[in-house]
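The exercises below ask the reader to work through one protein model step by step. Please attempt each task before reading its solution.

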Amino acid sequence: MKITLEKPEKLYHFYPTTVALVAAKYRDKENAMAAAWHTALSTDPPLYGVALSPKRLTYELIKEAREFSVNFLLFEQLDKLHGMGKVSGRDVDKFSKFPLGKDEGVRIDSPIIREAYASYECLLEDEIDCGDHTLFVGRIVIIHYEEDFFQEGRLRTDLVKPILYLGSDNYITTREESHIKLA
């Protein structure tokens, strides 16, 4: 039986979706947070969006720095990604508590996560108020990725298990045998 909700409280019906680690740095303060609400917006120009709550430290850092990185981690890094999403960077140095390697960006000062199989360096293009979140629109200026993990631009799920979020702290990953190509 289908249910009709006039006032939805949770927006979980579009999951699963990849989780990204969004990182930003302003002056001497840096932070990273797990984000499930992110998406490609345009290929020409290359724009990527992340929706963040104003309550988050990463939100404040992006507003000040006018840049951010989007990093995609392997399922084997789930404990670190989840941990970074559960504590505040105002209370904890997340990079010390959940050790991940950081590299300097080519065009931005915000950290690029060394363990990520793909990372985007983004310069802030726009901010769109979307209710209790703000959509930060970033222009992708550099892409870092593990060449062996991609074939014809697609993630090789026989080699890489991405982190997929189901909502309410539940995660899954892909199975190569579930891959179907339709003509």
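A residue counts as buried when its relative accessible area is under 20%, as exposed when that area is over 50%, and as partly exposed in between. The model is predicted, and every value below is computed from it.

**Exercise 1. Helix H1**

Task: Determine which residues of helix H1 are buried and what covers them.

Solution.
Step 1. Helix H1 comprises residues 57-65.
Step 2. Its buried residues are Leu57, Thr58, Tyr59, Leu61, Ile62 and Ala65.
Step 3. The cover over these buried residues includes strands S2 (20-26), S3 (29-35), S5, S6, S9 (118-130) and S10 (133-145).
Step 4. Just after H1 comes Arg66, with a positive phi of about 65°.

**Exercise 2. Classifying residues in loops**

Task: Decide whether Gln77, Pro99, Glu152 and Ser168 are buried, partly exposed or exposed.

Solution.
Step 1. Gln77 is located in the loop between strand S6 (67-72) and helix H2 (78-86). Its relative accessible area is 17%, so Gln77 is buried. Apart from neighbours within four places in sequence, Gln77 has contacts with Leu100, Glu115 and Ile163.
Step 2. Pro99 belongs to the loop between helix H3 (94-97) and strand S7 (102-103). With 47% relative accessibility, Pro99 is partly exposed. Between the C-alpha atoms of Pro99 and Phe136, which are 37 residues apart along the chain, the separation is 26 Å.
Step 3. Glu152 sits in the loop between strand S11 (150-151) and strand S12 (154-155). A relative accessible area of 69% makes Glu152 exposed.
Step 4. Ser168 occupies the loop between S13 and S14. Its relative accessible area is 43%, and therefore Ser168 is partly exposed.

**Exercise 3. Backbone geometry**

Task: Identify cis peptide bonds and positive phi values in the chain.

Solution.
Step 1. Most residues other than glycine have a negative phi, and most peptide bonds are trans.
Step 2. The bond from Tyr15 to Pro16 is cis, with omega near 10°. Pro16 is part of the segment before S1.
Step 3. The bond from Asp44 to Pro45 is also cis, its omega being near 5°. Pro45 falls in the loop between S4 and S5.
Step 4. Two of the loop residues from Exercise 2 return here: Glu152 has a positive phi near 55°, and Ser168 has a positive phi of about 50°. Neither Glu152 nor Ser168 is a glycine.

**Exercise 4. Strand pairing**

Task: Describe how S4 pairs with S5, and in what order the strands S1, S13 and S14 are arranged.

Solution.
Step 1. Strands of a sheet pair through backbone hydrogen bonds, either parallel or antiparallel.
Step 2. Strand S4 (residues 38-43) pairs with strand S5 (residues 46-52) in the antiparallel sense, over five bridges. Within this pairing, Thr39 is opposite Gly49. A hairpin of two residues connects S4 to S5.
Step 3. An open sheet of three strands has the order S1-S13-S14, with antiparallel pairing. Strand S1 (17-18) and strand S14 (170-172) are its edges, each pairing on one side only.
Step 4. S1 is joined to strand S13 (residues 164-167) by two bridges. Thr18 has Leu164 in S13 as its bridge partner.

**Exercise 5. Pockets**

Task: Give the volume and lining of the largest pocket and of the second largest pocket.

Solution.
Step 1. The largest pocket holds about 990 Å³ of space. It is lined by 35 residues, and those closest to its centre are Met33, Ala34, Arg56, His133 and Tyr165.
Step 2. At least two lining residues of the largest pocket come from each of S3, S5, H1 and H2. The classes in this lining are 17 nonpolar, nine polar and nine charged residues.
Step 3. The second largest pocket holds about 360 Å³. Of its 14 lining residues, Tyr117, Tyr120, Phe150, Gly153 and Leu155 lie nearest its centre. S9 and S10 are the elements that contribute two or more residues to this lining.
Step 4. The lining of the second largest pocket has 10 nonpolar, four polar and no charged residues.

**Exercise 6. The annotated domain**

Task: State which residues the UniProt domain annotation covers.

Solution.
Step 1. An unreviewed UniProt entry carries the annotation "domain: Flavin reductase like" for residues 14-157.
Step 2. In the model, this span is 15% helix and 48% strand, and its end C-alpha atoms lie 21 Å apart.

Technical notes: Residues are numbered from 1 along each chain as its sequence is written. This is a predicted model: local features need pLDDT of at least 70, side-chain atom pairs count only at pLDDT 80 or more; totals for chains, interfaces and linings use all residues. Side-chain values use heavy atoms; hydrogens and water are left out. Two strands pair if DSSP finds at least two bridges between them. Helices (H or I, at least four residues) and strands (E, at least two) are DSSP runs, numbered from the N terminus. Buried means under 20% relative accessible area, exposed over 50%, partly exposed in between (1.4 Å probe, protein chains only). Contact means heavy atoms within 4.5 Å. UniProt positions are given in the numbering used here, feature names are shortened, and annotations may be inferred rather than shown by experiment. On a 1 Å grid over the protein atoms alone, a cavity is a set of points where a 1.4 Å probe fits but cannot get out, and a pocket is an open set with protein on both sides within 12 Å along at least five of seven lines; lining residues have an atom within 4 Å of a point. Grid points are joined across faces, edges and corners, and a volume is the space filled by probe spheres set on the points. Ala, Val, Leu, Ile, Met, Phe, Trp, Tyr, Cys and Pro count as nonpolar, Asp, Glu, Lys and Arg as charged, and the others, Gly among them, as polar.
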